[in-house]
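Colleague: Could you take a close look at one part of this model for me, beginning with its backbone, and then go on from there to the surrounding features? I would like a connected account that I can follow with the structure open.

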Amino acid sequence: MIFKSEVPSHLAQHTLIDYLAERFTYHPREQWLIHIRENRILLNDKPAAPGTTVMRGDIVTYKPLPFSEPEANLNYQIVYEDEWYIGVNKPPNLLVHRAGKAFTKNLVYQLRIRKKEYKDVSVINRLDRNTSGVVVAAKSSDAAVKLGKMFHIRNIKKEYFALVHSSPHTVPYTIDLPIAKNVECTKYPRYHIDLDNGKSSKTEIITMQRIGNSHSLLTVIPYTGRTHQIRVHLQSIDCPLVGDHVYGTESPEESDKWIQRQALHCTRITFDHPFTREPCVIEAELPEDMERLIRILGKK
């Protein structure tokens, strides 16, 4: 397998090693140096030194050693399409962007390479690997900029289904608590409520359906876009997501009996279309694993 990238204008005038280390963070700088010295990195089809300056439009080629990609669920669905945008129902166990060794088993690669008509798409919103639901992608850079600005100023409404332990005391219910990265957790990125140093974060629970005696299905709207926001906020009111090994109360062995991931699904994204000026609603049905779990917990 061979990977090629074109040097964009904002990374021109960098050295080759700086370009690789800054743009492709799945290898540390030291590993990229080894690959350069082994001639696994070519610049415009020729070997190059780590200190060689790259220019806009240069082609950098990477010839990795043989490797196995992690398994992924590639059963995504196109649930919306117009001249400018597509809406994808992303399944669980699928990265949106490339990370680690998932060079091809990610949504962006699948759309751009496997489906030739989407070769220029840019994903506007991202979901965690194990969060399912609506992902919006733009077909052109102009479309990406327009919708990206709307996401940035929060002119987009996102609704999630969250299957949780227990239930909130009242609904509707607003959680307005600042979130910060937990610097004490070095094993994996983890976030927590931090009243002193956290970033302003707001989540609203708008509906609740009780499932059995000890669970609830919530409809949740995040008004800010902090990492792991819904998961952290639901944990803060003692309603952690079922299957959440990071912020939940279950051990992996307990939750894996029911579901192999956190039970969180982006069911709807709504916005005023930047080109047609009409309301645009993109929806994704609840996935089979969450539906099955709701049936099981309801019987319990």
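**A loop, and what follows from it**

Modeller: P172 is found in the loop between β9 (157–165) and β10 (173–176), and since this is a predicted model, please read every value below as computed from predicted atoms. The peptide bond that joins V171 to P172 is cis, with omega at about 5°. The loop between β9 and β10 also holds S166, which has a positive phi of about 65° although it is not a glycine. Most residues other than glycine have a negative phi, and most peptide bonds are trans. As for its surroundings, S166 has a relative accessibility of 36% and therefore counts as partly exposed.

A positive phi also turns up elsewhere in the chain. N39, again not a glycine, has a phi of about 60°, and its place is in the loop between α2 and β2 (41–43). With a relative accessible area of 44%, N39 is partly exposed. Between the C-alpha atoms of N39 and A49, which are 10 residues apart along the chain, the separation is 9.3 Å. D238, which comes just after α5, takes a positive phi of about 65°. Helix α5 itself (residues 229–236) is mostly covered, since six of its eight residues are buried, and these buried residues are Q229, I230, R231, V232, H233 and L234.

From N39 one can move along to N44, which lies in the loop between β2 and β3 (46–47) and is partly exposed, with a relative accessible area of 36%. Leaving aside residues up to four places away in sequence, N44 touches D58 and I59. N44 and V60 are 16 residues apart in sequence, and their C-alpha atoms are 6.3 Å apart in space.

The loop that holds N39 follows α2, so the packing of that helix is a natural next stop. Two packed helices are described by the angle between their axes and the distance between the axes. Here helix α1 (residues 16–23) and helix α2 (residues 29–37) pack at an angle of about 130°, and their axes are 9 Å apart. That angle makes α1 oblique to α2, and the crossing of these two helices is right-handed. On the α1 side the contact is formed by L16, I17, D18, L20 and A21, which meet R29, W32, L33 and I36 in α2. Sorted by type, the residues of this contact are seven nonpolar, no polar and two charged.

W32, which takes part in that contact, also belongs to a group of aromatic rings, as ring pairs link F3, Y19, F24, W32 and Y62 into a cluster. In the model as a whole, counting rings whose centres lie within 6.5 Å, there are seven aromatic pairs. One of them is formed by Y19 and F24, whose ring centres are 5.9 Å apart with planes at 85°, so this pair is edge-to-face. Both Y19 and F24 are buried. Another pair consists of Y85 and F275, with ring centres 6.3 Å apart and planes at 50°, so it counts as tilted. Because Y85 lies in strand β6 (residues 85–90) and F275 in the loop between β15 (264–272) and β16 (279–283), the pair ties together parts that are 190 residues apart in sequence. The two partners also have their own accessibilities: Y85, at 0% relative accessibility, counts as buried, whereas F275, at 27%, counts as partly exposed.

Finally, the way back to β9 leads through M290, which is found in helix α7 (residues 288–299) and is buried, with a relative accessible area of 0%. Not counting residues up to four places away in sequence, M290 touches F161, L163, I259, R261, A263, L264 and H265. F161 and L163 fall within β9 (157–165), the strand on one side of the loop where this account began. The C-alpha atoms of M290 and E159, by contrast, are separated by 16 Å, with their positions 131 residues apart along the chain.

Terms used:
Residues numbered from 1 in each chain as written. Predicted model: local features only at pLDDT ≥ 70, side-chain atom pairs only at ≥ 80, totals over all residues. Heavy atoms only, no water. Axes fitted to C-alpha atoms, helices over the stretch in contact; angles between N-to-C directions. Helix = DSSP H or I, 4+ residues; strand = E, 2+ residues; numbered from the N terminus. Parallel < 35°, antiparallel > 145°, perpendicular 65-115°, else oblique. Left-handed = near helix turned anticlockwise from the far one by under 90°. Contact = heavy atoms within 4.5 Å. Nonpolar A, V, L, I, M, F, W, Y, C, P; charged D, E, K, R; others polar. Phe/Tyr/Trp six-rings, centres within 6.5 Å; stacked < 30°, edge-to-face > 60°. Buried < 20%, exposed > 50% of the residue type's maximum accessible area, 1.4 Å probe, protein only.
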